[in-house]
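Student: Could you take one part of this model and walk me through it closely? I'd like to hear how the pieces of a single chain meet.

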Amino acid sequence: MAFFLETLLGGLMAGMLYSLVALGFVLIFKASGVFNFAQGAMVLFAALAMARFSEWIPQWTGLESKVLSDVAAFAIAALIMFAVAWLIERLVLRHLVNQEGATLLMATIGITYFLEGLGQSLFGSSIYKIDIGMPKDPIFVLESTFQGGVLINKEDLYAALIAATLVALLSLFFQKTATGRALRAVADDHQAAQSIGIALSRIWVIVWCVAGVVALVAGMIWGSKLGVQFSLSTVALRALPVVILGGLTSVPGAIIGGLIIGVGEKLSEVYLGPYVGGGIEIWFAYVLALGFLLIRPQGLFGEKIIDRV
Amino acid sequence: MKTRQLAFAIAALAASASSLVHTSAAAQAKEQFIPVLSYRTGPYAPNGIPIANGIVDYYKLVNARGGINGVKIAFEECETGYDTARSVECYERLKGKNGGASVVQPWSTGATFAITEKAAVDKIPIVTLGYGRSESADGTVFKWNFPLAGNYWVAADALVQAIGQKEGGLAKLKGKKIALVYHDSPFGKESIPMLDERAAQQGFELLKLPVTAPGVEQKATWLQVRQARPDYVILWGFGVMNSTALKEAQATGYPREKMYGVWWSGAEPDVKDVGEGAKGYNSVTLQNSTDYSAKVVKEILAMVYDKGQGTGNREEVGQVLYLRGAMGSMLTVEGIRAAQERFGKGKVMTGEQVRWGLENLNLTQAKLDALGFAGVLRPISTSCADHMGAYWARIHTWDGKAWKFTTDWLQADEQIIKPMVKAAAAKYAAEKKLTSRTPAECQS
Amino acid sequence: MLYRENGQFKTTYRADQQIFPILQDRVVVLLFVAFAVIAVPLFASDYLLRAILIPFVIISLAALGVNILVGYCGQISLGSGAFMAVGAYGAYNVMARIPGMPLIPALLLGGFFAMLFGMFFGLPSLRVKGLYLAVATLAAQFFADWMFLRIKWFTLDNSSGSAAVSNLQVFGHALESDASKYLFCLTFLIVIALGAKNLVRGAIGREWMAIRDMDVAAAVIGIRPMYAKLSAFAVSSFIIGVAGALWGFFYLGAWEPAAFSVDQSFRLLFMVIIGGLGSIMGSFFGAAFIVVLPIALNQMLPAIASLFGAQISTSALSHTELMVFGALIVWFLIVEPHGLARLWSIGKEKLRRWPFPH
Amino acid sequence: MTRRIGDVILDVQNISLAFGGVKALTDISFNVREHEVRAIIGPNGAGKSSMLNCINGVYQPQHGSITFRGKTFRHMNSRQVAEMGVARTFQNLALFKGMSVLDNLMTGRNLKMRSGLLMQAFRNPFGIGPAEREEIEQREAVERIIDFLEIQAYRKTPVGRLPYGLQKRVDLGRALAMEPQVLLLDEPMAGMNVEEKQDMSRFILDINDEYGTTIVLIEHDMSVVMDISDRVVVLDYGKKIGDGTPDEVRRNENVIGAYLGVAH
């Protein structure tokens, strides 16, 4: 029982982190209809930037305080991501308006290669450290009820909290601000949005910037978990089932989906794995998502498609 | 249009390729060409960079020392990104250059599998330090493969012995539970037969937990570890998987002192960003650990870096993987030297001749001292039947800042490994319809 | 001037619906095939054959398969790597288990297994569409990766779980020289490409395209989406499977599941989109682009750098390679979203009208 | 030749269709007689296209049934409908954009093609083997339609490049290629200029005369409807508000109300 709880909690927290990456996909798809495969590369790029600058800033400025240099590094990384977003809109999306999804998808994969190359040549391809002082050691709860207690991974707990706050902030941003409303308008109908004088290109830049920040936060958290290195870009593959399960266009979908996938894959690995030799969680996550799709082809929260002829 | 485009593409490539061949034909006769397959980018770059630096720096050192009896080493790097197909392309590209490659190190298990099939045809020996096909230690079947200084099974056996020592004798392992957390790939699975064998003999329980490559998400695995509460964990990972495993272990409160890694999980990049968190974590070594004071390191710094020809950054010279790379170069160079002693000093050796050299390698302590490798590795001597040449390993432990040896030399049990190698090699030979070489043929 | 079709009147429908209705096309294509079959093996260098042409031929075959599914039937798939793997391991098992199994049937059987696998993972396409399907097909990819690592039976219970083949021969003649290997693969490519061309210009091809362009209308005129989609999955994964078997047998020689990883799937999808969706030719262009370009870049960049007197390090080189490659992809998509094949046909049009601009 | 109206061929009984809460059709019943030209009219969103989609099996109505040639169905299945000889054109062109005019029409013949996958894969250019022969037979049939619709010049053009009017024709051609007994036309003249409309109505009448094809027609343009149709159904807000000959319908209050927007 205690172990089941641990697995459950572990799954939930892992799921929260997946949602964080998934969120990037959803935001961009919602606003620009682009399935942004570069999300993984963006996570890597942002993390690299932050890791390196938090190293460099003390060297350059002789700044003592760890916190300050981290904050500064975060800010710089964010600015870099803004620049990236702006360039992508300028150099790529602008020239590919109303192309088929597949073409846009490919473009983003092109961007992926570019970012991976650029990131490694600017910041190096060794392994780097982001230390935002996340506690590493576990805590035990309910020791009274269960012998040995229920282990909670503190780092993941904090990570999940950060993720949750970010999501909350984003939904506020979407619901309350004018830009947010514009974004939703664009998401609903490009033409209509344009017709009431919303500049698509501007909106896209904003969305990519937001996605950039999301990538940065994801990169920061995953980076401090795994260490910043090339493999970070592969977390995107873990987040994909989340995206389709939740529905490409739904922010809450990304969250709920993340939790479902997280819990699902952990439970499957722990309880089914041993019978088939283990290592099943990644494909199980996809099969799980597929299962949901067979019931709701547009994902849990995606809009229903009605064929009109 | 299509025909043109393709014709152009092909013509262009043919031209470039052929031109390369020509220049190489004209290349200086007194140069021994050695291709360097490296992975300085991609998921495993953190490990690949120091290795590549070590390899290249040592060749530079050899040339600075005046080459092998005057024969300078010409080398060219080719980036594989640890991708098998790319490695094969690099191999094909370089094998014909500069008068032909005389020896190759794939530095990737996947690539070793693929190149093993080709090198035999091209008559180019393959040197694999602590990776590749374990059974290729049997030189009678694997004429062209040289897993020098130890294969996976040596590592696995040494690990079991080390754990046994800690428990106070292998006998004490009876009834213990050991979890194997391994990289889900041929590399990771190579460990299993040996450990199964030992588990059967020593009567401990072996719990196998695969981690899907690259291994960025291991929560489930470590939950299982926490549930099973094994007495020891053997970590058989590579790249990001190692640091992630250590962090998960920390997060689930599994004592690092009870974790033992293979020699691909026991270098600076694997623990660097875990830092204090990895304190007490042990790993078997491919003989060498970090050694900034080794004579060879000093020489490299003096004769290469001080001349501004260093490949990497100075402070990494002497670290685990760097030294492993240098060791690889050293062994190949010594193979060539041995060949020269037979086929003519100061001559450029062909692949076949180098193969003979590698097969009749005899690195005495004296030679090692002279080369500056005293304390880095033990004497190695290979033979026709034994292409590995050494069954020795040590355990080193991360003290939060650096790797320190914590055991003396452990000798892997030849009585166990040799038969396993023989059997596996025989199986391979049968699949391939190869006939293993008789002692008579060995002399040639 | 040379490229005109005036004076070539079609008197029968048969003449009108042949693969290359225009005489010049027929001639050029035949010449090119002749060049590939006769001249190349004679003159191509060892490196060119082994490291460029053989992979190019095999991968274009795979791309062809992907194009049937993605380009003609409009079902985006990211499971191609898995289909290749099934083909490779399938053929490997058949070869190893059945004594005296001839090579060609073994390869075809590999394709057959891939076909079954593909059809099974094609079933969701009946309900799931577009990008959702694309991601869903990744399930096939990861499942295959896992299956070939975990189920020892597929790798004849050897400890490492890798597969290796050697001394291949057809009709008693050993395929050892690179030229013979190249010709063998090329023959497969030509035969299958012809078959594929026939399919896409025939009834079934029209069904696929109908489903792709407007599935509701297609259903209304009596096309069964189930049959069309699954047949597309079947044909495509068969071809991909054969390609996978060739890749394992003739390029790698020995391989592990990682050789057919998800990257391979992406690369294949790339090829058909860069090359041109719904175009057999496009598959070849795409394969050339993805297979040859990185290698070419990798070899040319140092030369270019040295022009400016710069000495470029290995890592810098491969980073630049990545960047240039990525940039080129984006650039091509911007210049011609419909792929290189479209550029080619535009070129042909221009040539036809030459010397008039329009 | 004088058209003789036969007996009921298609009978729609109490069809109700809803998407979630939205009621698209409520309890619609009407019938179609052989050889007649039957029109369905009504303001936008009256549910005309939804009606056809039910007959085609694109939508599955929640209630009601459809009887075709004496066989009664709860749900129609597109394939069956097509096999029974019901063809259909679409309101906003549902052509296969990526394909040439010829191929679009050829898809209309697919039901008639029998040769299997392998046969097609290894069909050879010398006309030996069934696949090639079949292709040529069907091609001949299609060419007749091409002549009938006067689009010879555009055979090989991708339909995407054709002007709207011609695309409508190709859409009609694709339906004709199925040699249907009942032809459902969804606003065949929407967005056409006068000449095009005249051409189109001519085609429709010719089809009706020459092949004796029963025609069910959705149209906005009253004049056209009144001219060419024998009987008219009027839908409004998914309900049937009128049914009868053009003149009857013209005199029906509800209809006038619906069209002049009188509240009801």
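Tutor: Let's fix one term to start with: two residues are in contact if their C-beta atoms, placed from the backbone, lie within 7 Å. This is a predicted model, in which local features need pLDDT of at least 70 and side-chain atom pairs count only at pLDDT 80 or more, while totals for chains, interfaces and linings use all residues. Residues are numbered from 1 along each chain as its sequence is written, and chains are lettered from A and ligands numbered from 1 in the order in which they are written.

Now to chain D. It splits into domain 1 (1–85 + 180–264) and domain 2 (95–179), with bounds that come from an automatic or database domain assignment. Between the C-alpha centres of domain 1 of chain D and domain 2 of chain D there are 27 Å. Where the two meet, 11 residues of domain 1 of chain D are in contact with 10 residues of domain 2 of chain D.

On the domain 1 side, the elements giving two or more residues are helix 2 (78–83) and helix 7 (194–211) of chain D; here helices are DSSP runs (H or I, at least four residues), numbered from the N terminus. Helix 7 of chain D gives the most to that side, with four residues.

As for chemistry, the domain 1 side divides into eight nonpolar, one polar and two charged residues. In that split, Ala, Val, Leu, Ile, Met, Phe, Trp, Tyr, Cys and Pro count as nonpolar, Asp, Glu, Lys and Arg as charged, and the others, Gly among them, as polar.
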